[in-house]
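User: Could you take me through the internal cavities and one helix packing in this structure?

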Amino acid sequence: MNLGIVQGRLLKPVEGNIQEFPKNEWEKEFGIIGELGLTHIEWIITNKSFYEGVIDLKISDYKDKISSITCDNLITSDIFKSSFLEKQLKPICDWALKNGVNKISIPLLEDSTITPQNKRKFFDIIISYGLLYPELEFHFEMESDWGISLELVKSSPNFYLIYDTGNITSCGFDHSEWIKNCIPYIRNVHLKDRTKKPIRTVKPFTGDTNFNLIFDKLKYFDYNGLYTLQLARGKDGEEIITTKEHIKLFKNLYEEKFI
């Protein structure tokens, strides 16, 4: 199982934020993942860290352990403006290439969710990035149905999908249908458990996400890509203990289904 984790989850939360770039300790996690048997870290750029100069860091020494650079700074309705992406996405793409990282993840969630009403506007803008950066893979984390998701990734040969188990649950989409239709384009599975009402990220196997069904379907379609832990954090200061528990749960499930 090619299992990794979202950046910052192995350290205490920064300023109380669930998901923020750990500016002063980010290098520590690359040592920790080896001790835990994890294979990769999904690098996070938030609005705060973008303006604090995270893209001035040299990360080429860690390129083999960075599965993608995730642009949380793009979770805003401004994503539908070409001028915004010119300022907020293009510098990240250039920085990724400079450091030898060839995958960019774009969360299309919350204010940046793609709908039938706004999809054409976004598609026209983002396709230009696929053309401008043919060396990069663009991975999209969606809170849209499989039809819109598939339409997006079919629009450029270097577009792929992140299948977030928690997002699909809380949006009320059918996991079986989403996987069946999108599996050729899925490159990363975010492991997250959520409840539907109210929508909350919770401890794994305590919410409404049916991981048994999900892993059965991934096995059926012979999925062999990345898995990334993005679960509820647990107690501050117990990040390593919590992560070890999560690793055990999902590796056991993977071995039960795949081996």
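Analyst: The answers below concern a predicted model, beginning with the cavities.

User: How many cavities of 30 Å³ or more are there?
Analyst: The count comes to two cavities of 30 Å³ or more.

User: What is the volume of the largest cavity, and which residues line it?
Analyst: The largest cavity holds about 100 Å³ of space. Its lining includes Ile5, Arg9, Leu229, Gln230 and Glu239. Four residues, the largest share of that lining, come from helix H10 (residues 239-258).

User: What is the character of the lining of the largest cavity?
Analyst: That lining divides into four nonpolar, four polar and three charged residues.

User: And what about the second largest cavity?
Analyst: The second largest cavity has a volume of about 40 Å³. Among its lining residues are Gln7, Gly8, Lys12, Pro13 and Arg233. The lining of the second largest cavity has four nonpolar, four polar and four charged residues.

User: Turning to the helices, at what angle do H9 and H10 cross?
Analyst: The axes of helix H9 (residues 211-220) and H10 cross at roughly 45 degrees and come within 10 Å.

User: Why are they called oblique?
Analyst: The crossing is at roughly 45 degrees, and H9 and H10 are therefore oblique to each other. H9 passes H10 in a right-handed crossing.

User: Which residues meet there?
Analyst: On the H9 side, Phe211, Asn212, Phe215, Asp216, Leu218 and Lys219 take part. They meet Phe250, Leu253, Tyr254, Glu256, Lys257 and Phe258 in H10. The residues of this contact of H9 with H10 divide into seven nonpolar, one polar and four charged.

Note on methods:
Residues numbered from 1 in each chain as written. Predicted model: local features only at pLDDT ≥ 70, side-chain atom pairs only at ≥ 80, totals over all residues. Heavy atoms only, no water. 1 Å grid on protein atoms, 1.4 Å probe; cavity = no way out; pocket = protein on both sides within 12 Å on 5 of 7 lines; lining within 4 Å. Points joined across faces, edges and corners; volume = space filled by probe spheres on them. Helix = DSSP H or I, 4+ residues; strand = E, 2+ residues; numbered from the N terminus. Nonpolar A, V, L, I, M, F, W, Y, C, P; charged D, E, K, R; others polar. Axes fitted to C-alpha atoms, helices over the stretch in contact; angles between N-to-C directions. Parallel < 35°, antiparallel > 145°, perpendicular 65-115°, else oblique. Left-handed = near helix turned anticlockwise from the far one by under 90°. Contact = heavy atoms within 4.5 Å.
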